[in-house]
Amino acid sequence: MNPIVIEAHNIVTSFGDNRIHDNVSCTVRENEIYALLGGSGSGKSTLLREMIMLETPASGSIHVFGENIANLSLVEAQKLRRKWGVLFQSGALYSSLTVGENIALLYKEYTDLPPNLIHELIKLKIDLVGLPSHAIHLYPSELSGGMVKRAALARALALDPKLLFLDEPTSGLDPLSSRQFDALIRQLRDLLGLTVVIVTHDLDTIHHIVDRFVLLGEKKVIAQGTLNEVLTIKHPIVDYFFQKGTHGIQS
Amino acid sequence: MKSSSHAALEIINDTSKAVFTCSGKWTLNSLANVAMILESYQAVLPIVWDISNIAELDSAGVALWNLYSRRFKKEGFASKIIGGKKEHLRLYRLLYPHPQEDTPPPKQQGGLYTLGRKTHDYVQGIGYFLDFLGEVFVVLLYSLRHPFTIRYRSISSHIITAGFDALPIIAVSSFLIGVVVAFQSVVQLQKFGADILIVDMIGISLTRELAPLITAIVIAGRSGSAFTAQIGAMKMTQEIDAMKTMGFHPYLFLVWPRVIALMIVLPLLIFFADIIGIFGGMVIANTQSHLSYTEFIHRLQGALPIKHFIIGIVKGPFFAVLIALTGTYRGFQVSSNTESIGQYTTKSVVNAIFLVIACDALFSVLLTELKL
């Protein structure tokens with residue numbers, strides 16, 4: 001079994017009186033595509049945000065690459081952040097910069113490579129995610145929804161992270177683009193040895209590329225494991241989420 | 001050999017080729033020195049990259065080979081890579097599945113073009129503003145014929161936020177203006193022994209000119225910018241589109257309540273500023289030239305004809321319309337990127353302040369010509 005990359009243990013999260021997580025635990029292993037699933041408001045995005053240190057759980061611990069993210073010093077936290085890339089749901093490209101500049105920012109800030117090599121790397125990343133080469137000069141407002149996601153993925157991959165967080169990467173894309181995006185993520189995982197944590201609703205994505213997942217519901221973990229393992233569980237949320245018996249996934 | 005935590009490059013010139021022996025960690029953070037060596041390297045022989053000793057490789061290493069191989073090729077020297085491990089070659093093929101093309105950045109236009117473009121945009125901008133004004137007034141006429149469409153609740157909420165909440169800042173600024181004017185005049189007037197004229201000075205200049213102007217400028221900065229930002233944010237989140245599809249005319253719901261609220265509030269704020277400003281002057285007159293409060297007020301009743309006060313107040317609604325319309329107009333111009341909201345908020349405040357000053361100048365000329 002591959003070593004553990006992320007381990008969340010007994011996470012409790014509340015916003016005011018509203019409890020989101022009640023002792024949620026999950027484990028992500030190296031080189032797998034791991035999904036956080038659940039209905040709207042089940043706290044899957046919050047769990048992702050806690051893993052990337054944008055939010056802090058009320059109690060419980062999260063270890064990423066073996067380090068407890070709650071007790072990191074500023075320097076350690078910065079170091080850890082450079083080991084992962086995050087693709088936000090809306091892309092979150094800096095709108096005042098072109099796609100190329102969005103990616104260049106990370107190289108200029110964190111490496112001392114010469115400008116022509118940086119330019120080469122940017123072209124490479126843009127090509128890698130399947131954007132046309134002229135996209136380098138475009139501003140985010142000039143891109144279509146699918147291109148924004150790809151550009152954001154290129155930015156997330158800039159520093160060759162070992163861990164990639166994707167927040168609903170296929171939402172808002174047409175079915176064909178979604179499948180292409182899935183294929184791209186799987187290819188990157190295979191070739192770059194990435195570990196991918198993905199928040200999604202897309203049953204096709206779950207079916208095609210996700211290795212293991214955790215299904216959140218009623219503030220708790222309903223099920224964890226591979227699709228086939230989970231489909232054997234009798235639970236109304238499992239049935240509902242995978243639309244068993246209708247046109248959804250059959251075991 | 002260097003420690004394996006760095007990238008190392010050893011160049012050996014053979015009889016027919018130069019062998020670049022690469023070793024160590026060829027990754028993003030350790031490649032800067034190698035890149036520097038290659039940057040200054042002058043190719044004289046065909047190049048062979050021997051990568052069999054590389055411990056670690058990422059996209060930066062691959063990009064480096066490709067970048068410099070292309071450069072050497074351009075200089076007339078072929079280069080090839082030998083001894084690649086399977087996973088390294090796989091990475092190479094993933095990153096360079098086909099030859100890359102370089103797209104030049106879009107051409108920068110010349111100064112004359114930019115000037116022409118800017119002028120054209122400016123003239124077009126005036127057209128758009130007139131268009132906006134036209135539609136706003138058409139909506140107003142409709143609204144007046146259908147009084148139930150007037151948004152009373154919205155008007156009253158804007159009266160509170162744009163008017164009542166602005167009282168402290170108006171009080172402070174007008175008090176300070178009163179103080180400043182009094183201070184400067186006292187010094188000059190004392191030279192002529194005409195201390196008592198300080199009352200005329202403060203009374204007329206504040207009520208007629210300064211209080212309306214300062215109030216309008218503060219409100220332009222405070223509420224004009226808020227109007228632009230509010231409407232701009234609604235535009236970005238598609239709330240404006242949602243309103244349109246539900247048949248709520250955005251001008252009726254967003255523009256007129258703000259305009260009307262400001263028209264009601266601004267004259268009242270000017271009146272408030274008059275009182276506080278004169279009070280500020282009174283305090284200075286008392287401390288600097290020992291003019292008692294009762295004396296000041298007694299003198300003021302004679303020295304300040306009511307027309308100055310009325311002129312000051314009448315300017316209020318005019319300024320209000322200018323501020324509210326530029327604020328809302330700029331809000332509707334915000335496009336879908338986050339930067340434009342800041343851009344148009346700045347424009348809105350700058351335009352509003354300019355228009356207020358221009359309108360004030362117009363009043364000044366007009367009223368003087370009319371001998372008022």
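# Exercises on a predicted two-chain model

The axes of helix α11 (residues 306-333) of chain B and α12(B) approach within 9 Å, crossing at roughly 155°. The model is predicted, and the exercises below treat a helix pair, a chain contact and a domain contact in turn.

**Exercise 1.** Determine how α11(B) and α12(B) are oriented to each other, and state which residues meet.

*Solution.* Two packed helices are described by the angle between their axes and the distance between the axes. For this pair the distance is within 9 Å and the angle is roughly 155°. Angles over 145 degrees count as roughly antiparallel. The two helices, α11(B) and α12(B), are therefore roughly antiparallel to each other. As to handedness, the crossing in which α11(B) passes α12(B) is right-handed.

The next step is to list the residues. On the α11(B) side, those in contact include B:I311, B:F318, B:F319, B:L322 and B:R330. On the α12(B) side, they include B:Y344, B:L355, B:V356, B:D360 and B:F363. Sorted by class, this helix contact comprises twelve nonpolar, six polar and four charged residues.

**Exercise 2.** Describe the side of chain B that touches chain A: which elements build it, and which gives the largest share?

*Solution.* Begin with the counts: 27 residues of chain B are in contact with 23 residues of chain A. Next, identify the elements of chain B that give two or more residues to this side: α1 (32-39), α2 (59-74), α3 (86-95) and α12 (338-369). Of the shares, the largest is that of α2(B), with six residues. Finally, classify the residues on this side of chain B: 13 are nonpolar, nine polar and five charged.

**Exercise 3.** Characterise the overall form of chain A and the contact between its two domains.

*Solution.* Chain A contains nine helices and ten strands. Its radius of gyration is 18 Å, close to the 18 Å given by the globule rule for 251 residues, so chain A is as compact as a globular protein of that length. The C-alpha trace of chain A spans about 55 × 45 × 40 Å along its principal axes.

Chain A is then split into domain 1 (1-83 + 163-251) and domain 2 (95-160). Between the C-alpha centres of these domains of chain A lie 26 Å. Each domain of chain A supplies eight residues to the contact. On the domain 1 side, helix α6 (residues 175-192) of chain A gives the most, with three residues. That side of domain 1 of chain A consists of five nonpolar, two polar and one charged residue.

Key: Residues are numbered from 1 along each chain as its sequence is written. Chains are lettered from A and ligands numbered from 1 in the order in which they are written. This is a predicted model: local features need pLDDT of at least 70, side-chain atom pairs count only at pLDDT 80 or more; totals for chains, interfaces and linings use all residues. Two residues are in contact if their C-beta atoms, placed from the backbone, lie within 7 Å. Helices (H or I, at least four residues) and strands (E, at least two) are DSSP runs, numbered from the N terminus. Ala, Val, Leu, Ile, Met, Phe, Trp, Tyr, Cys and Pro count as nonpolar, Asp, Glu, Lys and Arg as charged, and the others, Gly among them, as polar. Domain bounds come from an automatic or database domain assignment. Axes are lines fitted to C-alpha atoms, for helices over the stretch in contact, and angles run from 0 to 180 degrees between N-to-C directions. Angles under 35 degrees count as roughly parallel, over 145 as roughly antiparallel, 65 to 115 as roughly perpendicular and the rest as oblique. A crossing is left-handed if the near helix is turned anticlockwise from the far one by less than a right angle, and right-handed if clockwise. The radius of gyration is taken over C-alpha atoms; the globule rule is 2.2 Å times the number of residues to the power 0.38.
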